[in-house]
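The following exercises concern the sequence and the model shown below. Each task is followed by a solution that proceeds step by step.

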Amino acid sequence: MQKSTPLFTPVLIAGCVIMLISFAIRASFGVFQIPIAEEFGWLRVEFSMAIAIQNLAWGIGQPIFGALAERIGDRKAIVMGAIVYAAGLVLSSTAVTPGALQFYEVLVGFGIAGTGFGVILAVVGRASSDENRSMSLAIATAAGSAGQVVGPPVAEALLSVMSWQMVFIVFAVTIVAALVMLPLLRAPEPASKAELEESMGAILGKAFRDPSYTLIFLGFFSCGYQLAFVTAHFPAFVTEMCGPIAAGSVLHGIGITSTSALGAAAIAVIGLANIAGTLTAGWLGKRYSKKYLLAGIYTGRTIIAAWFIMVPMTPATVLLFSVGMGSLWLATVPLTSGLIAHLYGLRYMGTLYGIVFFSHQLGSFLGVWLGGRMYDIYGDYTAVWWVGVGVGAFSALVHLPVKENRLKPALA
């Protein structure tokens, strides 16, 4: 029987710090869209394609880094991820054509994969007791949300005193500095003897034959679509479409005097609300059916997104949307990763979650690219927003048939 461990362990703390820094950088990319496009005269779709490629590379890299972590060790995989991340950022700072930026974002995407959910959540999950696992995964995910709180405002502040190229260099140094936490990131292997004896090929074959795994894979698509679209395009959407911020208003009083500043602040508000939402999801995931919680989250997102696009955009509706969507933002991650660990065990959790996360990033690619493409065609984001409403409803439905009975390891 697995010995109980404290909720807050050195592994959890180190994982949270790395996730926070990694996601602070990633979440800030939407802030660079207008400055880069204006400097070079690029179409919106060209920058969008770069971020879409970044998200797709993240999705491709996630199962690769998950498998590497299980083969060569978590810490070596994270070092590789941080180095690739930093190299991608430095090279991105030298880009002067859309093709160059798009190529370099492949490295950034792989770097995010090596320092993000797949590797970090797998090691945190293995270091947690059964009773604490759902909450530990939620806390690590919430750390990513904390990065989203600080990333866009920091990027906006840095852009006011230096070029966007120098901001990328600063970010590259920061992700490498996060490696100082690695000595704490040492996890045991709380897998059963049967799980340890089962090969990666056997567990992958079992998962691929399980309809529930397919449904989880399909359901995670809309999460990526919605999150990546909002992260990449919402600051520009708010900058261009939101009503003015009234002089003497609360927002004006705290220094948010332009719709550009409101767009950056909105991403931070989403991240702030999601800290509470993700922790709540982790607490609920220990007590209630994860598939029904996931269906409820996707239903909530669908309703909030449909409401927002149907009402006039004002600073008040932007903030209401940010709080509502933020409370459901990454709440799917601890529930999805926890459901995979429950169904298929901990031994190859990183690889199995990484494969499901690829669906998430296919959605991310489509959301970011389609956002830019539809903007260039129609001059606004309405059409692509309604696609997001539709895929959110789809994800709510496909989680309902998932069976939550754990599959037993099949020994030869």
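**Exercise 1. Is Thr-336 buried or exposed, and in which helix does Thr-336 lie?**

Step 1. Thr-336 is buried, since its relative accessible area is 1%; buried means under 20% relative accessible area, exposed over 50% and partly exposed in between, with a 1.4 Å probe and protein chains only.

Step 2. The model is predicted, so local features need pLDDT of at least 70 and side-chain atom pairs count only at pLDDT 80 or more, whereas totals for chains, interfaces and linings use all residues. Residues are numbered from 1 along each chain as its sequence is written, and side-chain values use heavy atoms, with hydrogens and water left out.

Step 3. The helix that holds Thr-336 is α16, residues 332-344. Helices (H or I, at least four residues) and strands (E, at least two) are DSSP runs numbered from the N terminus.

Step 4. With neighbours within four places in sequence set aside, Thr-336 is in contact with Ile-216, Phe-220, Leu-294, Tyr-353 and Val-356; contact means heavy atoms within 4.5 Å.

Step 5. Arg-373 is 37 residues from Thr-336 in sequence, and the C-alpha atoms of the two are 30 Å apart in space.

**Exercise 2. Describe the overall build of the protein.**

Step 1. The protein has 18 helices and zero strands. Its radius of gyration is 20 Å, close to the 22 Å that the globule rule gives for 412 residues, so the protein is as compact as a globular protein of that length. The radius is taken over C-alpha atoms, and the rule is 2.2 Å times the number of residues to the power 0.38.

Step 2. The C-alpha trace spans about 65 × 40 × 35 Å along the principal axes.

Step 3. Of the 412 residues, 60% count as buried. The accessible surface comes to about 15,200 Å², and 71% of this belongs to carbon and sulfur atoms; the areas come from the Shrake-Rupley method with a 1.4 Å probe, and for residues only the protein chains shown count as cover.

Step 4. Among contacts with a separation of 6 or more, 85% are between residues 24 or more positions apart.

**Exercise 3. Characterise the packing of α13 against α11 and against α15.**

Step 1. Two packed helices are described by the angle between their axes and the distance between the axes. Axes are lines fitted to C-alpha atoms, for helices over the stretch in contact, and angles run from 0 to 180 degrees between N-to-C directions.

Step 2. The axes of α11 (residues 211-241) and α13 (residues 259-285) come within 7 Å and cross at roughly 145°. This crossing is right-handed; a crossing is right-handed if the near helix is turned clockwise from the far one by less than a right angle, and left-handed if anticlockwise.

Step 3. On the α11 side the contact includes Val-230, Phe-234 and Val-238, and on the α13 side Leu-262, Ala-266 and Ile-270 are among the residues met. By class, this contact has eight nonpolar, five polar and no charged residues. Ala, Val, Leu, Ile, Met, Phe, Trp, Tyr, Cys and Pro count as nonpolar, Asp, Glu, Lys and Arg as charged, and the others, Gly among them, as polar.

Step 4. For α13 and α15 the axes come within 6 Å and cross at roughly 35°, again in a right-handed crossing. The residues in contact include Val-269, Ile-270 and Ala-273 of α13 and Val-318, Ser-322 and Gly-326 of α15. This contact has nine nonpolar, five polar and no charged residues.

**Exercise 4. Which residues are in contact with Ile-270, leaving aside its neighbours within four places in sequence?**

Step 1. Ile-270 is found in α13 and is buried, with a relative accessible area of 0%.

Step 2. The residues in contact with Ile-270 are Gln-148, Val-230, Ser-322, Gly-326 and Trp-329, once neighbours within four places in sequence are left aside.

Step 3. Met-325 is 55 residues from Ile-270 in sequence, yet the C-alpha atoms of the two are 6.7 Å apart.

**Exercise 5. Where is Thr-314 found?**

Step 1. Thr-314 is found in the loop between α14 (290-310) and α15 (315-327).

Step 2. A relative accessible area of 30% makes Thr-314 partly exposed.

Step 3. Beyond neighbours within four places in sequence, Thr-314 is in contact with Cys-242 and Gly-243.
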